[in-house]
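Here is a short set of exercises to work through with the model open beside you. Try each task before reading its solution.

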Amino acid sequence: MSCYEITGGRPLSGSLAVHGAKNSVLPILAACLLVPGQCVLHNCPDLSDVSATIDILRLLGCRVDREGDTVTVDASLLSRSDIPDHLMREMRSSVIFLGALLARMGAAELSYPGGCELGPRPIDLHLSALRSLGAEILEEQGVLVCRSGGRPQNRELCLSIPSVGATENAMLAACGCPCQTTILGAAREPEIIDLAGFLRRLGAQIAGAGTSAITIQGGVPLHPAEYRIMGDRIAAATYLCAAAAATGEVELTGVDPDTLTAILACLGEAGCTLHTGPDRMVLASAAPLRGIRPVRTAPYPGFPTDAQAILMAALAGGEGSTLFVENIFDSRYRHVDELRRMGADIQIAGRAAMVTGVGKLHGASLRSTDLRGGAALVVAALAAEGTSQVSGLRHIRRGYQTLDRNLRALGADIRELP
């Protein structure tokens with residue numbers, strides 16, 4: 001099993017271009033199924049989740065080619081609508097193929113998806129949304145058998161919580177419905193706006209993306225298109241937190257600072273100096289981070305749950321206390337035991353975690369158990385005294401492209417050991 005060996009205590013400095021957004025590219029790759037033609041995607045990150053998505057596209061009959069960060073998907077010969085269990089188990093977001101296959105093929109058959117174990121994340125909202133669009137869905141021994149059905153008519157569906165995945169699935173399925181669909185209680189994340197941007201490039205008629213009410217006029221002829229994926233705001237947050245904890249000055253490009261407002265506010269309150277411009281931001285940190293007001297995760301534009309562990313790791317080696325409240329997932333404190341190995345003072349009570357800065361963490365042997373928790377351990381190790389080993393890199397590779405190489409370019413002492 002390979003691991004990162006990290007010797008902490010080295011300030012970070014330099015400039016880094018952030019790769020394309022994992023949470024954008026996966027639904028956009030699925031959306032390529034809507035078009036019997038060739039779509040070209042730029043700024044497509046080389047991640048294990050992206051590779052798994054491409055494997056699914058190829059199995060369905062698509063031709064997929066990659067050259068650098070450009071991926072070309074030709075869905076002209078889409079030939080099947082079922083996805084085997086072993087591919088579905090690779091990642092939870094594979095459920096996004098439901099909406100796209102229903103729109104293009106009128107049918108889909110797949111097993112329940114896998115992914116990081118962050119507590120119950122039922123796909124009931126996805127299924128309910130698709131049923132509201134007229135889909136007939138049977139659940140038989142862990143397999144979902146879906147067929148489009150119902151009379152064409154304008155439809156309005158309301159999500160009980162603003163689920164990003166359910167919103168995306170409904171958007172994709174609605175493109176194939178010969179009527180108008182309105183999604184109420186829709187997620188407002190920037191990745192939703194990015195998906196809508198790609199669908200509009202295909203010719204879809206979509207309004208309201210980025211608000212809680214999205215309207216899609218389905219049945220519109222679609223055509224192949226070329227599109228550039230937005231920058232990854234969570235990867236950007238990771239590099240910012242690493243520089244904040246390890247000290248130094250880092251410039252990030254390729255990400256809209258407006259998508260990071262909640263995170264930038266926390267880092268500024270913790271003592272960092274920040275400067276932003278169009279698609280760039282600069283963070284400078286020269287002293288131990290201070291405790292800040294309570295951090296409560298919430299749907300966008302609130303503080304993102306994906307950045308909770310990462311910010312916690314940065315503050316754990318600072319000064320003062322910060323209360324974290326995780327409102328999205330039940331089991332998103334699995335990184336805490338590993339941070340405690342480094343000397344962190346973190347007390348958990350239900351969904352709340354009180355982090356008291358200890359001034360300096362120390363190196364330890366660590367194991368990541370999920371994507372963002374693994375990134376958090378890397379952030380902590382960069383600022384800690386001594387050397388740490390972080391294993392479980394398969395989780396980290398789901399969402400970070402060449403993380404170790406990028407950190408070395410900023411001056412970090414990190415290398416991968418076989």
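**Exercise 1. Cysteines**

Task: Decide whether C272 is buried or exposed, and find how far its sulfur is from the closest cysteine sulfur.

Solution: Start with accessibility. In this predicted model, C272 has a relative accessible area of 8%. The cut-off for buried is under 20%, so C272 is buried. Next, look for a partner. The closest cysteine sulfur belongs to C241 and is 8.3 Å from that of C272, which is too far for a bond.

Now widen the search. A disulfide needs two cysteine sulfur atoms within 2.5 Å, and by this rule the count is zero. C179 is in no disulfide either, its nearest cysteine sulfur being that of C177 at 5.0 Å. C179 is also buried, with 5% relative accessibility.

**Exercise 2. Salt bridges**

Task: Find the salt-bridge partners of R89, R351 and R341, and describe the setting of each pair.

Solution: By the distance rule, the model has 17 salt bridges. Take the three pairs in turn.

- R89 pairs with D85, with the closest N and O atoms 2.6 Å apart. R89 is exposed at 56% relative accessibility, while D85 is partly exposed at 34%.
- R351 pairs with D330, and here the closest N and O atoms are 2.5 Å apart. This pair links distant parts of the chain, 21 residues apart: R351 sits in the loop between β20 (345–349) and β21 (352–356), and D330 in the loop between β19 (321–325) and α11 (336–341). R351 is partly exposed at 37% relative accessibility, and D330 is partly exposed at 46%.
- R341 meets E338 at 3.6 Å, N to O. Both belong to helix α11, and because they are three residues apart, about one helical turn separates them. An α-helix has 3.6 residues a turn, so residues three or four places apart point the same way. E338 is buried, with a relative accessible area of 13%.

One further step: which residues are linked with D49 in a network of salt bridges? They are K22 and R398.

**Exercise 3. Helix α12 and its neighbour**

Task: Work out how enclosed helix α12 is, and describe how α8 and α12 are arranged.

Solution: First count the buried residues. Helix α12 spans residues 371–383, and 13 of its 13 residues are buried, so the helix is largely enclosed by the rest of the structure. Then look at its start, where a side-chain oxygen of D370 comes within 3.4 Å of the backbone nitrogen of R372.

Turn next to α8 (residues 233–246). The axes of α8 and α12 come within 8 Å and cross at roughly 25°. Angles under 35 degrees count as roughly parallel, so α8 is roughly parallel to α12. Finally, the handedness: the crossing of α8 and α12 is right-handed.

**Exercise 4. A loop asparagine**

Task: Locate N43, then find which backbone oxygen lies 2.9 Å from a polar atom of its side chain.

Solution: Begin with position: N43 is in the loop between β3 (38–42) and α2 (48–59). Then check accessibility. With a relative accessible area of 9%, N43 counts as buried. Last, inspect the side chain of N43: a polar atom there lies 2.9 Å from the backbone oxygen of I229.

Technical notes: Residues are numbered from 1 along each chain as its sequence is written. This is a predicted model: local features need pLDDT of at least 70, side-chain atom pairs count only at pLDDT 80 or more; totals for chains, interfaces and linings use all residues. Side-chain values use heavy atoms; hydrogens and water are left out. Buried means under 20% relative accessible area, exposed over 50%, partly exposed in between (1.4 Å probe, protein chains only). Helices (H or I, at least four residues) and strands (E, at least two) are DSSP runs, numbered from the N terminus. A polar contact is a pair of N or O atoms within 3.5 Å; within protein, one must be able to donate a hydrogen and the other to accept it, and residues adjacent in sequence count only if both atoms are side-chain atoms. A salt bridge is a side-chain nitrogen of Lys or Arg within 4 Å of a carboxyl oxygen of Asp or Glu. Axes are lines fitted to C-alpha atoms, for helices over the stretch in contact, and angles run from 0 to 180 degrees between N-to-C directions. Angles under 35 degrees count as roughly parallel, over 145 as roughly antiparallel, 65 to 115 as roughly perpendicular and the rest as oblique. A crossing is left-handed if the near helix is turned anticlockwise from the far one by less than a right angle, and right-handed if clockwise.
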